[in-house]
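Me: Got a minute to go through this one with me? I'd like to talk about how some of the helices pack.
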Amino acid sequence: MTPDKIAWINQLVLLTAGFFLLCSFGLIAASQVMGCLRIYVMQSLLLAASAVLLGIDYHSTDLWIVAAVAIIAKVLLIPFLLRRTARQAMIARRELQQVINVPMSLLIALALTVLAYYLVGPMLSETTPAVHANLPIGFAAVLIAIYTITVRREALPQMLSLLAIENGAFFAGIAIAPNFPLIGELAGTFDVLMVVLTLGVLSTQIHRLSGSTEVGTLSELMED
Amino acid sequence: MLIWLTFIMPLLALVVTASGTPLVLAGWISAFAALVNVIIAAVLAAHAADGAPVIAIPHWLGANAFGALILLLETLGALTALIFSIGFLAQHGAPAGRKRRYFIWFNLFLIALYAVPLLREIALVWLALTLTTLFSVFLVSFERTPAALEAGWKYALLTILGAAIAILGILLLYWAQSRAGFTIFTWGQLRASAPKLSPAILNIAFLLILIGFGTKAALIPFHAWLPDTYSRAPFPICAMLSILESAAIPYVLLRIAAAVHLAPGSRADQWLILFGLVSAGGAALLILQTHEYKRLFAYSTIENAGIILTAGAMASSAARHAAIWQIISHSVTKPLVFYAAGIMFLLVGKLRISEVRGVLSRSPWIGTVMMAAGLAMAGAPPFALFLSELAILKAGLASPQAWAAILLACFMIISFCAITFHLFRMVLGKPGTSEAAADTLPTTIPRSCIAALIIAAVPVVILGWYIPAPLAHWLTAATTSLGGRMP
């Protein structure tokens, strides 16, 4: 590849990373369940796009397979499974409850992003530009998604944030470990599908018994 | 072949259960499969202790001395938990379909649990640990009450959250290894490559893995899911979760730490000691103020996980030896306690400590068993935990981290006093009028529950006197596999 082309791909990698981070912020701000799901699907698409770009960059066909698996599992299968297992909660059109309001949450997410860059900083010496883009943003996505879980009160948004953590981890992963054995990525994807199935069924059971999926209001078991 | 059989047995039991065999028969077949696995695990442990690990597929599947020992403890717990489940389900009012699914999920859970010590690729160990969560969610929420579902939800959400953090750590570990030119990511390679890895990456990677798996092991302060899960899950499930938290996960963490600490500038051991001490101390205080006896036992599990991690990270092979000993004695003791409590629950029908009084006067044998099991858990002689805790303190005081051993001793004393205080109030005490009225509850204890109790009691009593020679050999081999030498 010519140096021009490499620089161009690196620009694209950076751009993808930027949009990926934007999706993490979107997941905090989304006010309806369907919106959360759409943002999650978008984020997974960006993960796949980043894997394709890095596949070109690193000459790794494994990453192309990773991209294909991500699209099949996260863009196609997960929305399908969720509609199957937790239909009612998915289509409910109402405002989602949050413990902390959205502007404040976005500020906290911004602070978490800075923290991620600070944490990752010492690891970035002598690395490729792709690592510079993906590693801190993957870290930031993980931190923001953990924060999102704690402020969301309903089952499905919590679950989607959980899946976003996994996205963040693998977004960092594709840059730092391109020759990571494929089985690892497949294991991760398999795991994500199992999570969706299990938690989807569980949230439906909760819905059926208590008429709502607001797990945040479940407080029967607090230690008194 | 033996390793394959380990997975085939629960798989067969699962198929038999799913194919519509009468429920009790399905339960006994599952228990029989677990019994076969106990024997397999013992044979594996004997082979692995003689030197080279037993390998089924190079780089993927195999057991070293430590792994085989953990497998043995898991299978032993599974055996008694399945036998106890037969009686537990027989007196339970749940519909037959849900009871059948109980055994199906249980066997799936066992496959994942057995895979943890047998897999050699670290990312797959991670997958197996996550699957143990997913397969046990419906076991935890078996009662299907809103509270049980809530417990299942918290359990799944928080432990999977931990798993997602851990995978980031594992990816960083891979990154460090591939930068140093290593391409195979097994336990052995991790150990071989550790001295050449970048400490900046390694330290963050280990911290993420510790936090991630620590959440699954409910180390303090990542234990938010634990009180609910334990107070709602059926008793045999509590026993299995205890083994998962205090045997399987410490196994993974100690094994990663044993490799990572070889890197110059690694802080793995300090972090293990820090998290271990915080967990042991925090759990001792939580035991003091808890209101439910199931939670009390759960906190005691955290305390033991903390003790094991602290001792396992001390710079002394005698302390590591004692830590693995503690894994053994805790994994045989805790199921016994949950079975005794399960039987006591059938008698009193209450979970709150303040509502349980005078068990001894209502049923002398249940009271005696509960008292003995509780004392065994608290670490009183002549039971297994007494000897191993003593060994930890002795080795710890002689190690460079004597201060940590002194703190551990304090925590052990606090928890001992707290456990015996709660225990005496429940078992002795005078039954009040409300308790006397509650005696209308069915007090026929299923025979299989009693059988599980007796089987579980055997190792606790034996290990309270001495370690049989073969087990001592396996224990030494497991310690050696962590890179320690016998003093």
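Me: Which residues in helix 3 of chain B meet helix 20 of chain B?
Reply: Keep in mind that this is a predicted model. Ala65(B), Phe66(B) and Leu69(B) do it from helix 3, and their partners in helix 20 are Trp474(B), Ala477(B), Ala478(B) and Ser481(B).

Me: And how do the axes of those two helices cross?
Reply: They cross at roughly 130° and come within 7 Å. Angles over 145 degrees would count as roughly antiparallel and 65 to 115 as roughly perpendicular, so helix 3 of chain B is oblique to helix 20 of chain B.

Me: What classes of residue make up that contact?
Reply: Six nonpolar and one polar, with no charged residues.

Me: OK, switching to helix 17 of chain B. How many residues does it have, and what's its reach?
Reply: Helix 17 runs over residues 402-427, which is 26 residues. From first C-alpha to last it reaches 37 Å, close to the 38 Å expected.

Me: Which of its residues are buried?
Reply: Among them are Leu408(B), Phe411(B), Met412(B), Ser415(B) and His422(B). The cover over the buried residues includes helix 11, helix 12, helix 14, helix 15 and helix 16 of chain B.

Me: What comes just after helix 17?
Reply: Gly429(B), with a positive phi of about 60°.

Me: Last topic: how many residues of chain B are in contact with chain A?
Reply: 37 residues of chain B, against 38 of chain A. Helix 6 of chain B gives the most to chain B's side, with 20 residues. By class, that side has 28 nonpolar, seven polar and two charged residues.

Definitions and conventions
Residues are numbered from 1 along each chain as its sequence is written. Chains are lettered from A and ligands numbered from 1 in the order in which they are written. This is a predicted model: local features need pLDDT of at least 70, side-chain atom pairs count only at pLDDT 80 or more; totals for chains, interfaces and linings use all residues. Two residues are in contact if their C-beta atoms, placed from the backbone, lie within 7 Å. Helices (H or I, at least four residues) and strands (E, at least two) are DSSP runs, numbered from the N terminus. Ala, Val, Leu, Ile, Met, Phe, Trp, Tyr, Cys and Pro count as nonpolar, Asp, Glu, Lys and Arg as charged, and the others, Gly among them, as polar. The expected span of a helix is 1.5 Å times one less than its number of residues. A residue is buried if 20 or more other C-beta atoms lie within 10 Å of its own, exposed if 12 or fewer, and partly exposed in between; C-beta atoms are placed from the backbone. Axes are lines fitted to C-alpha atoms, for helices over the stretch in contact, and angles run from 0 to 180 degrees between N-to-C directions. Angles under 35 degrees count as roughly parallel, over 145 as roughly antiparallel, 65 to 115 as roughly perpendicular and the rest as oblique.
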